Amino acid sequence: MPRYTVHVRGEWLAVPCQNHANTIGWLGKEAVRRYMKNKPDNGGFTSVEEVKFYVRRCKGLGLLDLDDTVEDALEDNEFVEVVIEGDIMSPDFIPSQPEGVHLYSKYREPEQYISLDGNSLTTEDLVSLGKGLYKIKLTPEAEAKVKRSRDVIERIVKEQTVVYGITTGFGKFARTVIPNSKLWELQVNLVRSHSAGVGKPLSPERSRMLLALRINVLAKGYSGISLETLQQVIEAFNASCLPYIPEKGTVGASGDLAPLSHLTLGLIGEGKMWSPKSGWADAKYVLEAHGLKPITLKPKEGLALINGTQMITSLGCEAVERASAIARQADIVAALTLEVLKGTTRAFDTDIHAVRPHRGQIEVAFRFRSLLDSDHHPSEIAESHRFCDRVQDAYTMRCCPQVHGVVNDTIAFVKDIMMTEINSATDNPMVFAQRAETISGGNFHGEYPAKALDYLAIGVHELAAISERRIERLCNPSLSELPAFLVTEGGLNSGFMVAHCTAAALVSENKALCHPSSVDSLSTSAATEDHVSMGGWAARKALRVIEHVEQVLAIELLAACQGIEFLRPLRTTTPLEKVYDLVRSVVRPWMKDRFMAPDIEAAHRLLVEQKASVWEVAEPYIEKYRREHIPESRPVSPTAFTLGLLAVNACAGHDESCQNEL
């Protein structure tokens, strides 16, 4: 019986064909049916009949006629691909592999807009813009400021005044005056020569964030860009036309010159560009496919587009938001581990934390009480060891409020710096329309976000460091009273043995990544730019540290849920049972050894996705507990503490009733 190997959305499926008269269309439908069968949500479809697709050979990518028979069109065991209409082309640009692969997700052009004025963008907004959830428009006030700023530049050019970057060269060539007839060439040459980055390109999400943030800075009206050019940049963003931007090459002063130059290079129709409609192609063709024209740079506009800290800051905003999400969920995962290890909640007593009132510490202790308070959520597991002779737990459980707490406070500190930075003018020279002049300064220097992101990496790493130790306690039978490595028939099965090794490896790698990049500086541009921030690396490695933290906590989450299996039929608290149910909806219990990496990835998704996340399941119980334990006479300002530490002082003075005494 002939069979065919069919590629559908990243999965290979073997499809036997008993009838040689079956068509290519039948083969495609059968492959889609098998793909849907393997997916818990049917791959997002309700029936095979609704799926529109085309079929092509994997070798050469030749399209196949759906009406042809498989006998006439294919050889036995030939590899073919089913491409579902609406799936977007891969953002992975690999010059040596022009055929590439495909990222199978739907692109839906957003209908809602975010209005930018240069003053009120939030880190949450920027991440949403990166995800393609909104288009951009300027406020009328921002348009007016941009126009007034441009008028200053036009006057300088008309009067042939010598001003850095407008009528002179750059860096070491700042004293070289450029004639008016070559001012356009000056700006284009600047962009081309500074497009010298290396490495993999930023993902579409990060490219959108970078582009959106640059638009927000230009909207402040201190850059001298024309409203016409800025509107062209906005049109490119709204069409999701995203230039090829290598991730390496910035030293973080004078701003992120290399990545922002690559960004601008695509906008002027040179280099490569990606859009959901075209995939990777020459920028001029991508713009043309969307009915857009390449930007023609006017005096100062090249410099206005490439001078600033937006690479560091946009990646930093993603880092802050991901850090916030994993820090919240780390408390939930640790609470589940504490239950499995039959720990006590006495260490989370309100009075303990009231006498050391760090906001993060108080909030973490509160979250533990909200998840473990047996007066609100009876736990059969807790009841089973109520009268044990254990006095106190290991630090990895007992000190969670102190360790997790400072992570929360670190994130809040860094977020405050990022919020200031994303709404700051970071050009040079600055154009002050109200004074009708330009002033050279140093707002482009990335030391603020660089230092903050180094601090963020150091702080967030500790969530993984303490989590890895809890994984050890779960896997070690002398510490957990559970089967070794959380599996039956140990020896025949290895269980979580190497999953713990993976966690240890990630924690060790983080230790190296946490070395601050901002302590380094190398003089550049012939000693004109003689101190730099190295903030680009600070941002990129902060993201790597956070990803490792997410993965370590995903392993702990799996291990804690596996530990629950050995305590059945006893049940934990209601919110933690909901977390357990969520995990079991994507990962089945570990009865015997199997391929573990997909389980870790599935648990990781539960920690990073906004919908169906661990936080989404537990948050209603945490907030209900908060409402019930905040005295009405002590209202909390909605502006308090960026990570939701809204009741830290209120919960510090609770009476004994909100303690869970085992």
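**Exercise 1. Cysteines**

How far is the sulfur of C399 from the closest cysteine sulfur, and why does it form no bond there?

*Solution.* Begin with the kind of model at hand: it is predicted, so that local features need pLDDT of at least 70 and side-chain atom pairs count only at pLDDT 80 or more, while totals for chains, interfaces and linings use all residues. Residues are numbered from 1 along each chain as its sequence is written, and side-chain values use heavy atoms, with hydrogens and water left out.

Next, take the criterion: a disulfide is a pair of cysteine sulfur atoms within 2.5 Å. The closest cysteine sulfur to that of C399 belongs to C400 and lies 8.0 Å away, which is too far for a bond. For C514, the nearest cysteine sulfur is again that of C400, at 19 Å, and C514 is in no disulfide. A search of the whole structure finds zero disulfides.

Finally, consider accessibility, where buried means under 20% relative accessible area, exposed over 50%, and partly exposed in between (1.4 Å probe, protein chains only). C399, at 22%, counts as partly exposed, whereas C514, at 10%, is buried.

**Exercise 2. Two buried polar side chains in helices**

Find the side chain with which E318 makes a polar contact, and do likewise for H548.

*Solution.* Locate the residues first, bearing in mind that helices (H or I, at least four residues) and strands (E, at least two) are DSSP runs, numbered from the N terminus. E318 lies in helix α11, residues 310-340, and H548 in helix α20, residues 535-565.

Then check burial: E318 counts as buried because its relative accessibility is 12%, and H548 is buried as well, with a relative accessible area of 7%.

Now look for partners, using the rule that a polar contact is a pair of N or O atoms within 3.5 Å, where, within protein, one must be able to donate a hydrogen and the other to accept it, and residues adjacent in sequence count only if both atoms are side-chain atoms. The side chain of E318 meets that of R206 at 2.8 Å, and the side chains of H548 and N510 are joined by a polar contact of 2.8 Å.

To complete the surroundings, count contacts (heavy atoms within 4.5 Å). With neighbours within four places in sequence left aside, E318 is in contact with V127, R206, M209 and L543; on that basis H548 touches L506, E509, N510 and L513.

**Exercise 3. The second largest pocket**

Describe the volume and lining of the second largest pocket.

*Solution.* The search uses a 1 Å grid over the protein atoms alone; a pocket is an open set of points where a 1.4 Å probe fits, with protein on both sides within 12 Å along at least five of seven lines, and lining residues have an atom within 4 Å of a point. Grid points are joined across faces, edges and corners, and the volume is the space filled by probe spheres set on the points.

By this procedure the second largest pocket holds about 400 Å³ of space. It is lined by 25 residues, of which L190, H194, L257, S525 and E529 are the closest to its centre. At least two lining residues come from each of α5 (183-194), α8 (257-267) and α10 (301-306), and α5 gives the most, with five.

For the chemical character, Ala, Val, Leu, Ile, Met, Phe, Trp, Tyr, Cys and Pro count as nonpolar, Asp, Glu, Lys and Arg as charged, and the others, Gly among them, as polar. The lining then divides into 12 nonpolar, 12 polar and one charged residues.

**Exercise 4. Backbone geometry in loops**

State where two cis peptide bonds and two positive phi angles occur.

*Solution.* Take the peptide bonds first. The bond from A253 to S254 is cis, with omega near 10 degrees, and S254 is found in the loop between β12 (246-248) and α8. The bond from N428 to P429 is also cis, with omega near -5 degrees, and P429 belongs to the loop between α16 (400-422) and β15 (430-432).

Turn next to phi. N42, although not a glycine, has a positive phi of about 60 degrees; it sits in the loop between α1 (24-37) and β3 (53-57) and is partly exposed at 33%. Q160, likewise not a glycine, has a positive phi of about 55 degrees; its place is the loop between α4 (140-159) and α5, and at 57% relative accessibility Q160 counts as exposed.
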